[in-house]
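Please open the model in your viewer and keep the sequence panel beside it, so that selections can be made by residue number as the tour proceeds.

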Amino acid sequence: MATKLPEAPRVGMVSLGCPKNLVDSERILTKLRSDGYAMSPDYAGADVVLVNTCGFLDSAKEESLEAIGEAIAENGRVIVTGCMGKEAETIRARFPNVLAVAGAHQYEEVVGAVHEAAPMPPSPFVNLVPDAGLKLTPRHYSYLKISEGCNHRCAFCIIPALRGDLVSRRPDAILREAEKLVEAGTKELLVISQDTSAYGVDIRKEPRMWKGREVVPHMTDLARELGRIAPWVRLHYVYPYPHVDQVIPLMAEGLILPYLDIPFQHASPSVLRAMKRPANEAKVLERLCKWREIAPDLTIRSTFVVGFPGETEADFQYLLDWLDEAQLDRVGAFRFEPVEGAAANDLPGAVPEQVKEERYARIMEKTAAISAAKLQAKVGRTLEVIIDAVDEEGGATGRSQADAPEIDGEVFLRDAGHLEQGAIVQVEIEDADEHDLYGVPLA
């Protein structure tokens, strides 16, 4: 018997105003058509109707409102975009049943609203690209970028020159992507950006509706919503701004993983000033203690630069002493290297390569000892582990909540041949070394 392919949803469009609006309409329809949607020439045949409005003159606004009213009367399922999108309250006051309202040029939001209002039926014969997109990571974990660029001007970094200042994605677009990833099999979302803590500062006054509630573009609000979507949510590249304190209770509640990747870079106040980074290391230590009181299993990972221009032996020893107090769980270190275009290249006091190597070896020895002690304290405990791979000899490799893929440690399991990649299981920890744990899954 022949397979009957599902019919694609049909989209109708009413485009008003100037030629720029017409181009916007063309771009929206082009994207929808490439996504597999069909076009409808009339209201009756459309699963959803887009009204691209004009707001240049009062008469144009009234014409747009009339067009919205007609579309609702004839079809009932209407998405509004265009210049009048800035007056969403006016539109919703008059037409409370509109499905979504987006401003001009907000193609991603409009297309996303169509996907939500009239989803494409899944079909392996038609959908050559899955909803979650093409991935280069295993199916069970995915990186979720929430912003691009950075507002910092660290002396050793050229990211702002390459990628510009911070540009945050809309929270509803992020959550929609997260939902698709989870529907496609993702168990762990790894939230990334250049500066996750700064998410939303550029669009802070632009809350968006998601699942019938308003979501503010802020790290805490976004983390809370993501925690409702995915089993594991892991935050990377978190600068320790004061509002990070608000995220820790979410970890205690189990909404997001008790894990923070904070790029401290150094601890010596003089080196931090030379790096053009905040020099409040003492206050950070106090906050780490408070965080651990709220979420005792909190894992802190960080990276440090050794041999930065002007770093003295006293500065380096200050860093080692600070690490003794901070007791960070996971630490990576880098020897300073000049990068073309970085301000640090012109700083005096270049550290000889031999000294850089010696300091690198010392910091790695220090942090390995801290890691070994912390992991040894986990022996005998039962931890939640996500399975990354299962071998043919009955073993498996996974990660605890304290381990991000590729950069942290692993959990090596025996008697685990029955497990599947991506499963989240309870594991009894039997042994540990400097970086990894060893255990057995519980029945």
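The tour starts with the whole chain and then moves to one sheet and the helix across it.

This is a predicted model, in which local features need pLDDT of at least 70 and side-chain atom pairs count only at pLDDT 80 or more, while totals for chains, interfaces and linings use all residues. Residues are numbered from 1 along each chain as its sequence is written, and side-chain values use heavy atoms, with hydrogens and water left out.

Select the whole chain to begin: its C-alpha trace spans about 75 × 60 × 40 Å along the principal axes, and its secondary structure comes to 12 helices and 20 strands, taken as DSSP runs (H or I of at least four residues for helices, E of at least two for strands) and numbered from the N terminus. Of the 443 residues, 49% are buried, that is, under 20% relative accessible area with a 1.4 Å probe, protein chains only.

Next, colour the open sheet of five strands, which is parallel and has the order β2-β1-β3-β4-β5; strands count as paired if DSSP finds at least two bridges between them. At its edges, β2 (38-39) and β5 (100-101) each pair on one side only.

Now select residues 48-53 and 78-82, the strands β3 and β4, which run parallel and are joined by five bridges. Within this pair, Val49 stands opposite Val78 of β4.

Finally, add residues 58-74, helix α2, which lies across β1 (10-15), β3 and β4 and runs at about 175° to β3, where axes are lines fitted to C-alpha atoms, for helices over the stretch in contact, and angles run from 0 to 180 degrees between N-to-C directions; contact means heavy atoms within 4.5 Å.

How values were computed. Buried < 20%, exposed > 50% of the residue type's maximum accessible area, 1.4 Å probe, protein only.
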